[in-house]
Amino acid sequence: MILLVQAVGALYGLLAVIFGAFGAHALKKTFTEEQLRSFETGVKYQMYHAILLIVLGFNLGFSTPLESYMAYCFLIGVFLFSFSIYGLCISASKGKKWKWLGPVTPLGGLFLVAGWTLLFYSFIAHIV
C-alpha cells in the first residue's frame with residue numbers, strides 16, 4: 001500500500017506539472033477564461049493532493065483500515081475530481097460538452113472531503 005500511495009502521488013504530481021504547462025500554453029488559445037480557471041483548479045487540487053499522498057506514504061504504515069480508507073479516498077477523489085474537470089473543459093472547448101461528467105466532479109470532491117475527515121480523525125482519535 002505504501003508503494004502504491006507514493007507511486008500514484010508521484011504520478012499525480014508529474015501529470016499536474018504537465019497539465020499545468022499544457023493549460024498555460026496550448027489551451028490558452030482554445031479555452032475561455034472560465035474554462036481556463038476551471039482547468040487550473042483541477043491542476044491545483046491534483047498537485048496539492050499529490051504532495052499529500054507522498055507525505056502520507058512516507059509517514060504512515062497503512063497498518064490500520066483507517067489509513068487505507070484515507071489513502072483510497074484521496075486516490076479516487078483526485079482522479080474523479082480533477083480528471084472530470086479536465087474532461088468537462090476540453091469537451092466544452094470542442095463544442096461537445098460531456099455533461100455526464102458534471103456529477104462526477106462533486107463525487108470526487110466528496111471523496112477528498114472524506115479523506116481529509118479521516119486524516120483529521122486519525123489525529124484526534126486518541127483524544128476522543
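This report walks through a predicted model of a single protein chain, from its overall build down to a few chosen residues.

## The overall build

Let's start with the big picture. The chain contains four helices and zero strands, so its pattern, read along the sequence, is simply α-α-α-α under the rules used for naming helices and strands. Taken along the principal axes, the C-alpha atoms fill a box of roughly 50 × 25 × 20 Å.

How do parts of the chain that are far apart in sequence come together? Among contacts between residues at least 6 apart in sequence, 76% join residues at least 24 apart. You can look for one example in the model: threonine 117 and methionine 70 are 47 residues apart in sequence, yet their C-alpha atoms are 8.4 Å apart in space.

## Inside and outside

Of the 128 residues in the chain, 40% are buried. The accessible surface comes to about 7,600 Å², and carbon and sulfur atoms account for 72% of that surface.

What about charge? The chain carries 8 positive and 4 negative side chains. The centres of these two sets lie 12 Å apart.

## Aromatic rings

Rings are a good thing to look for on screen, as the structure holds eleven aromatic pairs. One of them joins phenylalanine 83 and tyrosine 86 in an edge-to-face arrangement, with 5.3 Å from centre to centre and 75 degrees between the planes. It counts as edge-to-face because its angle is over 60 degrees. Both residues sit in helix α3, which covers residues 65-93, and they are three residues apart, about one turn of the helix. Is tyrosine 86 buried or exposed? Tyrosine 86 is buried, because its relative accessibility is 5% and the cut-off for buried is under 20%. Phenylalanine 83, at 23%, is partly exposed.

Another pair has its planes arranged in another way: tryptophan 98 and tryptophan 100 are stacked, with 6.2 Å between centres and 20 degrees between planes. Tryptophan 98 is partly exposed at 44% relative accessibility, while tryptophan 100 reaches 61% and counts as exposed.

Which residues do ring pairs link into a cluster? They are Tyr12, Phe19, Phe31, Phe39, Phe79, Phe83 and Tyr86. Phenylalanine 83 and tyrosine 86, met above, belong to this cluster.

## Serine 82 and threonine 117

Two smaller side chains make a useful contrast. Serine 82 is in helix α3, and its relative accessibility of 1% makes it buried. Which residues does serine 82 touch, leaving out those up to four places away in sequence? Its contacts are Gly42, Tyr45, Gln46 and Gly77.

Threonine 117 belongs to helix α4, which runs over residues 104-124. Why does threonine 117 count as partly exposed? Its relative accessibility is 47%, and partly exposed residues fall between the 20% and 50% cut-offs.

## The cysteines

How many disulfides does the model have? The count comes to zero, because a disulfide would need a pair of cysteine sulfur atoms within 2.5 Å. Two cysteines are worth finding in the model: cysteine 73 is buried, with a relative accessible area of 11%, and cysteine 89 is also buried, with 6%.

Key:
Residues numbered from 1 in each chain as written. Predicted model: local features only at pLDDT ≥ 70, side-chain atom pairs only at ≥ 80, totals over all residues. Heavy atoms only, no water. Helix = DSSP H or I, 4+ residues; strand = E, 2+ residues; numbered from the N terminus. Buried < 20%, exposed > 50% of the residue type's maximum accessible area, 1.4 Å probe, protein only. Contact = heavy atoms within 4.5 Å. Areas by Shrake-Rupley, 256 points an atom, 1.4 Å probe, with all protein chains shown as cover. Lys, Arg positive; Asp, Glu negative; His and termini not counted. Charge placed at Lys NZ, Arg CZ, Asp CG, Glu CD. Phe/Tyr/Trp six-rings, centres within 6.5 Å; stacked < 30°, edge-to-face > 60°.
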